[in-house]
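Here are a few exercises to work through with the model open in your viewer. Try each task before you read its solution.

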Amino acid sequence: MILDHIGIAVKNIENAKKMYTSILHSSAYHEEYLESQKVKVAFFKTGANSKIELLEGIDVDSLIYKFVEKKGEGIHHMAFLVKDIYAEIERMKNEGFETLQDKPKLGAANKLVFFFHPKSTGGSLIELCQKQD
Ligand code: ZN
């Protein structure tokens, strides 16, 4: 698996974008609103393949909104890029990891995404993602 991105939950994506533009010395290259999750996202490149994903929940029902309310801003998940998400999900389930969903969902940048429960992964939320052509 390749580390694809680190997801960071923020209160205000405009402020966070300014800060990360200063930190990384480059601007966000992709921004999107995910209606299904009530989340605004912005991506920054941090190397050939790795990225930072900023996430702002814009509704009290959004999981990102709830995360920030409970834990404050900060690292929310890490995402690994896989070639066959269905096979990797089965493999990890067989290893005993608990899932947060039944099947992959459509995430940012038209990728399929799937999450494992942090209580089974040592406290860190793990995302698998796969590109769709
Ligand atoms: Zn992500």
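**Exercise 1. Work out the fold order and the overall dimensions of this predicted model.**

Solution. Start with the element count: the chain has three helices and eight strands. Next, walk from the N terminus and write down each element as you meet it, which gives β-α-β-β-β-α-β-α-β-β-β. Now for the dimensions. Lay the principal axes through the C-alpha atoms, and the box comes out at roughly 40 × 35 × 25 Å. Then check the radius of gyration: a compact globule of 133 residues would have one near 14 Å, and the chain has 14 Å, so the two agree. Finally, look at burial: 41% of the 133 residues count as buried.

**Exercise 2. Find the donors of the zinc ion and decide what to call their arrangement.**

Solution. First, list the donors: H5 and H77 each use NE2, while E53 and E127 each use OE, at 2.1 to 2.2 Å from the zinc ion. Along the chain, these donors are spaced as H-x47-E-x23-H-x49-E. Take the two glutamates as a pair: E53 sits in strand β4 (residues 51–57) and E127 in strand β8 (residues 125–130), so that the pair, 74 residues apart, links distant parts of the chain. Both E53 and E127 are buried.

Then go to the angles. The four donor atoms subtend 84 to 168° at the zinc ion, so the arrangement is irregular. For the tetrahedral label, all angles would have to lie between 85 and 135 degrees.

**Exercise 3. Describe the largest pocket and its lining.**

Solution. Begin with volume: the largest pocket holds about 830 Å³ of space. Its lining is made of 34 residues, and L63, I64, H76, F115 and L125 lie nearest the centre. Now ask where the lining comes from. Elements that each supply at least two residues include β1 (2–9), β3 (39–45), β5 (74–81) and β7 (112–116). The largest share is that of α2, with six residues. Last, sort the lining by chemistry: 17 residues are nonpolar, 10 polar and seven charged.

**Exercise 4. Is K103 buried or exposed, and where is it along the chain?**

Solution. Locate K103 first: it belongs to the loop between α3 (85–94) and β6 (105–106). Then compare its relative accessibility with the cut-off: exposed means over 50%. K103 has 59%, so it counts as exposed. To finish, pick F114, 11 residues from K103 along the chain, and take the C-alpha separation of the two, which is 7.0 Å.

Technical notes
Residues numbered from 1 in each chain as written. Predicted model: local features only at pLDDT ≥ 70, side-chain atom pairs only at ≥ 80, totals over all residues. Heavy atoms only, no water. Donors = N, O, S within 2.8 Å, 3.2 Å for Na, K, Ca; no water. Tetrahedral: all angles 85-135°; square planar, octahedral: opposite > 155°, others 65-115°. Helix = DSSP H or I, 4+ residues; strand = E, 2+ residues; numbered from the N terminus. Buried < 20%, exposed > 50% of the residue type's maximum accessible area, 1.4 Å probe, protein only. 1 Å grid on protein atoms, 1.4 Å probe; cavity = no way out; pocket = protein on both sides within 12 Å on 5 of 7 lines; lining within 4 Å. Points joined across faces, edges and corners; volume = space filled by probe spheres on them. Nonpolar A, V, L, I, M, F, W, Y, C, P; charged D, E, K, R; others polar. Rg over C-alpha atoms; globule rule 2.2 N^0.38 Å.
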